[in-house]
Amino acid sequence: MTSDIRLPAAWTLFAAALYALAWPTHVLIADEVAYLDDALRLLGRAPVCGPTAWSGYPPGVALGAAALIALTGRPDAAFGLGFLSWLTGVWALALLLRRWRRPVVWAFYPALFVPGLLLTRTIMSDVPSLGLAAVFLCAYAGYGHRQWGALSAGLCAGAALLFRETNLLWALPFLVGAFWRPVSCAGWLWAGFALGAGARLQWAEKCFGSIAYIRSPGVDFSLTHLPGNLAFYAIALTVLCPGGLFFLKNKKMPFWPETVFAVVALLLLYGIYGYDAFAKSGSLKGLVLQGRFVLPLIPFLAFAGAFSEGIGAGRLFRWGLLGLSAGLFAAAQLAGQAYNHRQQMLTEALLNLPTHTHWSLSYDESRKYLNALHTTACLRPLYEDNLPHEAFYLHLFTRDDSADWHKKNAMSTAVLSRLQNQRHLTSLFDHTLPDGTRLRIWKVAESGPLQRQ
């Protein structure tokens, strides 16, 4: 039966058990530490040696992570935000598909997008944005003709700005389109949106003194980036999400104009965005980091796919989609757990040092291994003008998977070479993970009398 809700129930039990067994232990992206620090700051538990001010990221992730940490008392509970957001997206799609009498198995279509599955193991805004997009679509397309449905959809659209400002792009076509729908509660929709967006504006005013505050991405926007980026996103949404963009050819799907405008708007913005994850992080990690921007679009494509003619009508397709989604989810969690175990080896090497202060020549990377998830010790960046006079422990992370890392390696190695000319360094640890991440640790002798002068 196409409306059988037992499928998402069974999928949820399976996914929850697996995620609990493979619970994340380490961050995979340096920005996760900023979100974690913000969450702890909200709870009055800001790291002693961390930044003293708010990171500047929208507060949604920090608020969600803080709630989970407060409920459990454990910092690693923050990882539950990604998984719960994913499940929310699955259930929202399932309820929407059931209401439209379409195959509920399409609720698992987002699980075919492997970058999204890997991001369920992170403390980032991408998967919560997907979850909110799915809830918005469910409320809007399933119950938007009712006042409570329209209000709920508006609240989701507004609340999505608490996670990422660009979420406005997938919501706005529906918000505007409501005025042209014959059966619509546009007033309630916009009232809900005003409430949600108002919370975002109040946060900006309170923390940064301006309702228009948006954290600078530090990357340029230019039309020169458009061809390459659009080519990547087209592949991501047709290959990594099998057939995704092709589902939009069916103009008979509900809310087709709004969906197309939402997809085009988001792709155009990220098309001119100069961020190049492949140059920064290499091919495999870059695929995840670059692909994460389109995650909020996948619920819309799943809904479109459920209305595609000639797709999903047979039992073989349904069981195939169900099995493939479960298999990919399992593979992503087990692979993530295996990588966390390797990361733990490096964290333990650092924590076993008899010191409360760890000096790093690769501070951004070091934050993945020494943060509030593992220690209260201080992590400090080492520069040539802040060398301690006493003996200290120094470490360096290097990678060889991108041009950006080659530059970082050269700069840190140059500092290390000059330090070796001034102080005696004793090598304590040198280990390389299978992905090329290498950690070296030294004990640096105290400075001599001449150097102290």
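This passage describes the cysteines and the second largest pocket of a predicted model.

A disulfide is a covalent bond between the sulfur atoms of two cysteines. With a cut-off of 2.5 Å between the sulfur atoms of a pair, the count of disulfides in the predicted model comes to 0. For Cys138, the closest cysteine sulfur is that of Cys156, and because the two sulfur atoms lie 9.1 Å apart, the separation is too far for a bond. The relation also holds when it is read from the other residue, since Cys156 takes part in no disulfide and has the sulfur of Cys138 as its nearest cysteine sulfur, 9.1 Å away. As regards exposure to solvent probe, Cys138 is buried, with a relative accessible area of 8%, and Cys156, at 11% relative accessibility, likewise counts as buried, the threshold for this class being under 20%.

Turning to the pockets, the second largest pocket holds about 370 Å³ of space and has a lining made up of 22 residues. Among these lining residues, Pro47, Asn371, Ala372, Thr375 and Ala377 are the ones that lie nearest the centre of the pocket. Two elements of secondary structure, helix H2 (31-42) and strand S2 (378-381), each supply at least two residues of this lining, and the largest share, 3 residues, comes from H2. In terms of chemical character, the lining of the second largest pocket comprises 14 nonpolar residues, together with 5 that are polar and 3 that are charged.

Conventions:
Residues numbered from 1 in each chain as written. Predicted model: local features only at pLDDT ≥ 70, side-chain atom pairs only at ≥ 80, totals over all residues. Heavy atoms only, no water. Buried < 20%, exposed > 50% of the residue type's maximum accessible area, 1.4 Å probe, protein only. 1 Å grid on protein atoms, 1.4 Å probe; cavity = no way out; pocket = protein on both sides within 12 Å on 5 of 7 lines; lining within 4 Å. Points joined across faces, edges and corners; volume = space filled by probe spheres on them. Helix = DSSP H or I, 4+ residues; strand = E, 2+ residues; numbered from the N terminus. Nonpolar A, V, L, I, M, F, W, Y, C, P; charged D, E, K, R; others polar.
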